[in-house]
Amino acid sequence: MTSFTLRVVALVTLLFSAVSPVLAHSQGMHISNVYARATFPMAATGAVYLSLMNHHNEAVTLVAIEVDSDVAQEAQIHTTVMDGDVMRMREVVEGVKIGPHGTAQFTPGGLHVMLMGLTKGLNEGESFELTLTFESHEPVTITVPVKKDNQGNTHHHH
Ligand SMILES: [Cu+2]
C-alpha cells in the first residue's frame, strides 16, 4: 500500500514535470517593442513594428494578422525588398518562420505589419489590438500603441 502510494506520488510528480513545459510552451511567444507609426488623418495605410521572440524548441510560423474593421480593412505581413535603387514592399504570403528560440524583427525598412484601408488614420496616443495567428500555435492578441516615429533617417535629406 505504502509502496503503491509512493508510486502514485512519483507518477503524479512525473506527470506534472512533463506537463509544465507544455504549458510554458503554449505561452512561449514573446512580443515586445510594439508600436504603430502615427499617420496623417486621411492616410489609407499604416505600419506596425514589433519584435517576435519564439521560446519554443520548435520553429513557429506567423501566418496571418487580424485587425478590427473599426481600425482597418485588412492587416498584411510585408517585407521590404530592393528593386534596383527603389525600395518596394511585398506581401509575405508564405508567413514568417521563426526558428527555435529565434526572433523576427519587424522594423522600419524591413518586415512590418501593413494596415490596409485605415478607417480614420492612426493618431498618436491611441492604441488598438492586433491578433497574430500562427501555424500549430494558438493566436496571440497584442495592444499596439500609436507613436510618432522620430527615429527615421529618411526625413533628414535636404
Ligand atoms: Cu508595407
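A64 is partly exposed, with 31% of its relative area accessible. This residue of the predicted model sits in strand 3, which spans residues 60-67. Setting aside residues up to four places away in sequence, A64 touches I77, T131, L132 and T133. The C-alpha atoms of A64 and Q76 are 7.1 Å apart, while the two residues are twelve places apart along the chain.

**The chain as a whole**

Let us step back and look at the whole chain. The protein chain has one helix and ten strands. Reading from the N terminus, the order of elements is α-β-β-β-β-β-β-β-β-β-β. The chain has 158 residues, and 36% of them are buried. Its accessible surface is about 10,000 Å², and carbon and sulfur atoms account for 57% of that. Take the contacts between residues at least 6 apart in sequence: 67% of these join residues at least 24 apart.

**The copper ion**

Now for the metal. Which protein atoms are the donors of the copper ion? They are ND1 of H78, SD of M89, NE2 of H112 and SD of M114, and they lie 2.0 to 2.3 Å from the ion. Along the chain, these donors follow the spacing H-x10-M-x22-H-x1-M.

Why is the arrangement called tetrahedral? The four donor atoms subtend angles of 88 to 125° around the copper ion. Four donors count as tetrahedral if all angles lie between 85 and 135 degrees, so this site fits the description.

Two of the donors can be followed a little further. M114 counts as buried, because its relative accessibility is 7% and the cut-off for buried is under 20%. H112 is buried too, with a relative accessible area of 4%.

**Around H112 and T80**

H112 belongs to strand 8, which covers residues 112-118. Beyond its neighbours within four places in sequence, H112 is in contact with ten residues that you can look up in the structure, among them Y49, H78, T80, M89 and F106. A polar atom of the H112 side chain also lies 2.9 Å from the backbone oxygen of G110.

That backbone oxygen of G110 has another partner: the side chain of T80 reaches it at 2.9 Å. T80 is in strand 4, made of residues 72-83. Apart from residues within four places in sequence, the contacts of T80 are M87, R88, M89, G109, G110 and H112. The copper donors M89 and H112 are therefore both among the contacts of T80.

**An aromatic pair**

How many aromatic pairs does a search of the whole structure find? There is one. The ring centres of Y35 and Y49 are 5.4 Å apart and the ring planes meet at 45°, so the pair is tilted. Y35 is in strand 1 (residues 29-37) and Y49 in strand 2 (residues 45-54), so the pair ties together parts that are 14 residues apart in sequence. Both tyrosines, Y35 and Y49, are buried.

**More from strand 1**

Strand 1 also holds I31. Is I31 buried or exposed? With a relative accessible area of 18%, I31 is buried. Leaving out its neighbours within four places in sequence, I31 is in contact with L50, S51, L52, L132, V140 and I142. The C-alpha atoms of I31 and M53 are separated by 6.2 Å, although the two residues are 22 apart along the chain.

N33 is found in strand 1 as well. Its relative accessibility is 54%, so N33 counts as exposed.

**Two positive phi angles**

N33 is not a glycine, yet its phi is positive, at about 55°. H101, another residue other than glycine, also has a positive phi, near 55°. H101 is placed in the loop between strand 6 (96-98) and strand 7 (103-106). With a relative accessible area of 48%, H101 is partly exposed.

**Accessibility at a glance**

Here is a short table for some of the residues you have met.

| Residue | Relative accessible area | Class |
|---|---|---|
| H112 | 4% | buried |
| M114 | 7% | buried |
| I31 | 18% | buried |
| A64 | 31% | partly exposed |
| H101 | 48% | partly exposed |
| N33 | 54% | exposed |

Key
Residues numbered from 1 in each chain as written. Predicted model: local features only at pLDDT ≥ 70, side-chain atom pairs only at ≥ 80, totals over all residues. Heavy atoms only, no water. Helix = DSSP H or I, 4+ residues; strand = E, 2+ residues; numbered from the N terminus. Buried < 20%, exposed > 50% of the residue type's maximum accessible area, 1.4 Å probe, protein only. Polar contact = N/O pair within 3.5 Å; in protein donor to acceptor, adjacent residues only side chain to side chain. Contact = heavy atoms within 4.5 Å. Phe/Tyr/Trp six-rings, centres within 6.5 Å; stacked < 30°, edge-to-face > 60°. Donors = N, O, S within 2.8 Å, 3.2 Å for Na, K, Ca; no water. Tetrahedral: all angles 85-135°; square planar, octahedral: opposite > 155°, others 65-115°. Areas by Shrake-Rupley, 256 points an atom, 1.4 Å probe, with all protein chains shown as cover.
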